[in-house]
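Here a learner and a teacher work through one structure together. Each turn takes up a feature and how to read it.

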Amino acid sequence: MATNSIITDCEIMSSVEIEDFSVIHNSLVGKQTHIWRFVNIYGAKIGERCMIGSLVEIQEGVQIGDQCRIQSHAFICSLVTLEDNVFVSHGAKFVNDLYPPSGDSDEWGETIVREGASIGTNATILPVEIGRNAIVGAGAVVVEDVPEYAIVVGNPAEVIGYSDE
């Protein structure tokens with residue numbers, strides 16, 4: 001466990017590695033999860049055997065399943081759920097407030113990323129559902145639900161194929 005991190009009101013399971021300079025508050029971290037440097041997590045539930053990269057922020061109410069990988073510089077806002085085996089690449093951002101800064105959390109939208117989905121580098125995800133095993137391309141701006149196994153790219157993101165074809 002990191003000696004230069006701030007960890008308060010948390011439930012940290014066995015074999016968790018937390019690197020220096022992270023701040024974790026009021027969260028559950030599942031066993032065998034590795035949290036790298038300069039990570040902020042507050043009010044979230046992180047599953048088992050996950051990897052959270054450096055400079056990631058995970059906000060209150062986020063739920064992350066087992067065996068997820070969140071690469072550096074990602075931002076996961078409130079009302080996001082990542083099911084098991086989800087990959088979030090570098091710099092990906094989730095948005096819950098469609099009319100910022102509304103300040104009214106009752107108006108915010110929820111995002112669900114289903115099992116096995118992959119989010120590309122610098123993708124922006126608005127409140128949507130991303131289907132099982134879907135692939136979101138680098139830099140895509142996702143404004144509508146993504147079917148399972150779909151491959152989406154562009155701004156706004158459009159389906160260009162399916163990974164199970």
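The dialogue below moves from the sheet to its last hairpin, then to the core and the surface.

Q: Before we begin, what kind of model is this?

A: This is a predicted model, and what follows should be read with that in mind.

Q: In what order do the strands of the open sheet lie, and which strands are at its edges?

A: One reads a sheet by following which strand pairs with which, rather than by following the sequence. Here nine strands form an open sheet in the order E3-E6-E9-E12-E15-E18-E21-E23-E24, with mixed pairing. Its edge strands, each of which pairs on one side only, are E3 (17–18) and E24 (158–162).

Q: How does strand E23 pair with E21 and with E24, in the parallel or the antiparallel sense?

A: The sense has to be taken for each pair of strands in turn. Strand E21 (residues 135–136) pairs with E23 in the parallel sense over two bridges, and in that pairing Ile135 has Ile151 as its bridge partner. On the other hand, E23 (residues 150–153) and E24 run antiparallel and are joined by four bridges, among them those that link Ala150 with Tyr162 and Val152 with Val159.

Q: What is found between E23 and E24, and which residues of E23 are on its covered face?

A: The two strands form a hairpin with four residues between them, where Gly154 takes a positive phi near 95 degrees. As for the faces of E23, Ala150 and Val152 make up the covered one, while Ile151 and Val153 make up the uncovered one.

Q: Is Glu158 buried or exposed, and which residues does it contact?

A: Exposure is judged from the relative accessible area, with values over 50% counted as exposed. Glu158, which has its place in strand E24, is therefore exposed, because its relative accessible area is 54%. Beyond its neighbours within four places in sequence, Glu158 is in contact with Ile151, Val152 and Val153. Its C-alpha lies 8.8 Å from that of Val146, a residue twelve places away in sequence.

Q: How many residues does the largest nonpolar core have, and which have the most contacts inside it?

A: In soluble globular proteins, nonpolar side chains tend to be buried together. The largest nonpolar core in this model has 40 residues, and those with the most contacts inside it are Ile58, Ile64, Leu82, Phe94, Ile119 and Ile130. Strand E14 (80–82) and E23 are the elements that give two or more residues to this core. To see the surroundings of one such residue, take Phe94: leaving aside neighbours within four places in sequence, its contacts include Phe75, Leu82, Val113, Ile119 and Ile125.

Q: Where do Thr111 and Ser78 lie, and are they buried or exposed?

A: Each is best read from its location together with its accessibility. Thr111 lies in strand E17 (residues 111–113) and is buried, with a relative accessible area of 1%; Phe94, Val95 and Pro127 are among the residues that Thr111 touches. Ser78 is found in the loop between strand E13 (75–76) and E14, and counts as buried because its relative accessibility is 13%, which falls under the 20% limit. Not counting residues up to four places away in sequence, Ser78 touches Gln59, Glu60, Val62 and Asn96.

Q: Which residues form a nonpolar patch on the surface?

A: Phe21, Phe38 and Leu55 form such a patch, with about 300 Å² of accessible area together. Of these, Phe38 lies in the loop between strand E6 (34–35) and strand E7 (40–42), and is partly exposed, with a relative accessible area of 45%.

Terms used: Residues are numbered from 1 along each chain as its sequence is written. This is a predicted model: local features need pLDDT of at least 70, side-chain atom pairs count only at pLDDT 80 or more; totals for chains, interfaces and linings use all residues. Side-chain values use heavy atoms; hydrogens and water are left out. Two strands pair if DSSP finds at least two bridges between them. A nonpolar core is a set of buried Ala, Val, Leu, Ile, Met, Phe, Trp, Tyr and Cys residues joined through side-chain atoms within 4.5 Å. Buried means under 20% relative accessible area, exposed over 50%, partly exposed in between (1.4 Å probe, protein chains only). Contact means heavy atoms within 4.5 Å. Patches are made of residues with over 30% relative accessible area and no salt bridge: like charges are joined within 9 Å, nonpolar side chains (Val, Leu, Ile, Met, Phe, Trp, Tyr) within 5 Å. Accessible areas come from the Shrake-Rupley method with a 1.4 Å probe; for residues, only the protein chains shown count as cover. A salt bridge is a side-chain nitrogen of Lys or Arg within 4 Å of a carboxyl oxygen of Asp or Glu.
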